[in-house]
Structures are given as structure tokens and as C-alpha cells.
Amino acid sequence: MKSLLTLILGIVIGAISVFAYLLFSNDSAEVWESNRHLSTQSGINFPAGTKFFVSGYMPEGFVALTLTVNVEGQELSSFEKTVVSNSKNLRIPVWVQNSN
């Protein structure tokens with residue numbers, strides 16, 4: 001009887017925990033839209049109006065912005081694939097500057 005009560009109590013506490021997490025988790029994301037044409041030193045151009053998602057604020061004063069690019073699967077043949085270790089902190093930094 002004691003083990004059955006422990007099981008039921010565990011299920012109730014688990015359900016309350018999941019509900020509280022879903023209720024209090026923040027589902028919003030910061031989206032910043034550039035109002036100027038930006039370019040990188042390697043020649044990548046981002047027109048004014050490009051939307052970026054904030055993926056993190058750095059203590060050095062920089063902000064990591066994320067841009068999602070969708071391509072058709074057949075277009076991947078023109079890309080070069082590299083496999084790196086799986087890390088949620090993996091970033092390939094690209095520095096942009098105002099372009100005139």
C-alpha cells in the first residue's frame with residue numbers, strides 16, 4: 001500500500017511540475033530587424049529589413065544574432081559539408097558592418 005501511495009504521489013508531483021514548467025516557461029524570442037544594408041568582409045550581403053533572432057548576449061558587449069537560411073535539398077550539392085562535434089554553443093561568427 002505504501003509503494004502504491006508513493007507511485008501516485010510521484011505521478012501527481014510530476015504532472016504538477018510539467019504543468020508549472022509549461023505555464024511559466026518563456027516562449028517569446030527577441031527579433032531585431034536591420035534598418036541598414038549590412039555586409040561581411042567575405043562578401044555576404046544582408047539587405048535592410050533582414051530579421052535576426054537574438055541567440056544570446058555576451059558579457060563583452062556583443063550580441064549573437066541568428067539568421068535561418070532555407071535552401072532546397074538539391075541545392076546542397078553546391079555546399080561543402082563539414083562535421084564538427086555536437087555542441088549547443090557552436091557558433092560560426094560572421095562580423096557585419098554598415099554598407100553604403
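In what order do the three strands of the open sheet with E2 in it line up? The views below come from a predicted model, and the first one takes up that question.

**View 1. Three strands, E3-E2-E6, make an open sheet.** The order is E3, then E2, then E6, and the pairing is antiparallel. On the edges sit strand E3, residues 45-46, and strand E6, residues 96-98, and each of them pairs on one side only. If you're new to sheets, here's the basic idea: strands pair through backbone hydrogen bonds, and they can do it in a parallel or an antiparallel way.

**View 2. Strand E2 meets E3.** Zoom in on strand E2, which covers residues 38-40 and pairs with E3 in the antiparallel sense over two bridges. Want a pair to look for? Find Ser-39, then hop across to Asn-45 in E3, its bridge partner.

**View 3. Another open sheet runs E1-E4-E5.** This one has three strands too, with antiparallel pairing. Its edge strands are E1 (31-33) and E5 (63-66), each pairing on one side only. The strands don't line up perfectly: neighbours in this sheet are turned by 45° against each other on average, direction ignored.

**View 4. Strand E4 pairs with E5.** Strand E4 takes in residues 51-57, and four bridges join E4 to E5 in the antiparallel sense. For a landmark, look at Gly-56, which stands opposite Ala-64 in E5.

**View 5. Helix H1 is hardly covered.** Helix H1 has 23 residues, and the count of buried ones among them is zero. Does its length add up with what you'd expect of a helix? At 1.5 Å a residue, H1 should span 33 Å, and its end C-alpha atoms are 33 Å apart, so the two agree.

**View 6. A nonpolar patch lies on the surface.** Met-1, Leu-4, Leu-7, Ile-8, Ile-11, Val-12 and Ile-16 form this patch, and together they have about 750 Å² of accessible area. Pick out Val-12, which is found in helix H1. Val-12 counts as partly exposed because its relative accessible area is 41%, which falls between the 20% and 50% cut-offs.

**View 7. Ser-28 sits in a loop.** The loop in question runs between helix H1 (2-24) and E1. Is Ser-28 buried or exposed? Ser-28 is exposed, because its relative accessible area is 55% and the cut-off for exposed is over 50%. For a sense of distance, compare Ser-28 with Ile-11: they're 17 residues apart along the chain, and their C-alpha atoms are separated by 29 Å.

Methods:
Residues numbered from 1 in each chain as written. Predicted model: local features only at pLDDT ≥ 70, side-chain atom pairs only at ≥ 80, totals over all residues. Heavy atoms only, no water. Pairing = 2+ DSSP bridges. Axes fitted to C-alpha atoms, helices over the stretch in contact; angles between N-to-C directions. Buried < 20%, exposed > 50% of the residue type's maximum accessible area, 1.4 Å probe, protein only. Expected span 1.5 Å × (residues − 1). Patch = residues over 30% accessible without salt bridge, like charges linked within 9 Å, V, L, I, M, F, W, Y side chains within 5 Å. Areas by Shrake-Rupley, 256 points an atom, 1.4 Å probe, with all protein chains shown as cover. Salt bridge = Lys/Arg side-chain N within 4 Å of Asp/Glu carboxyl O.
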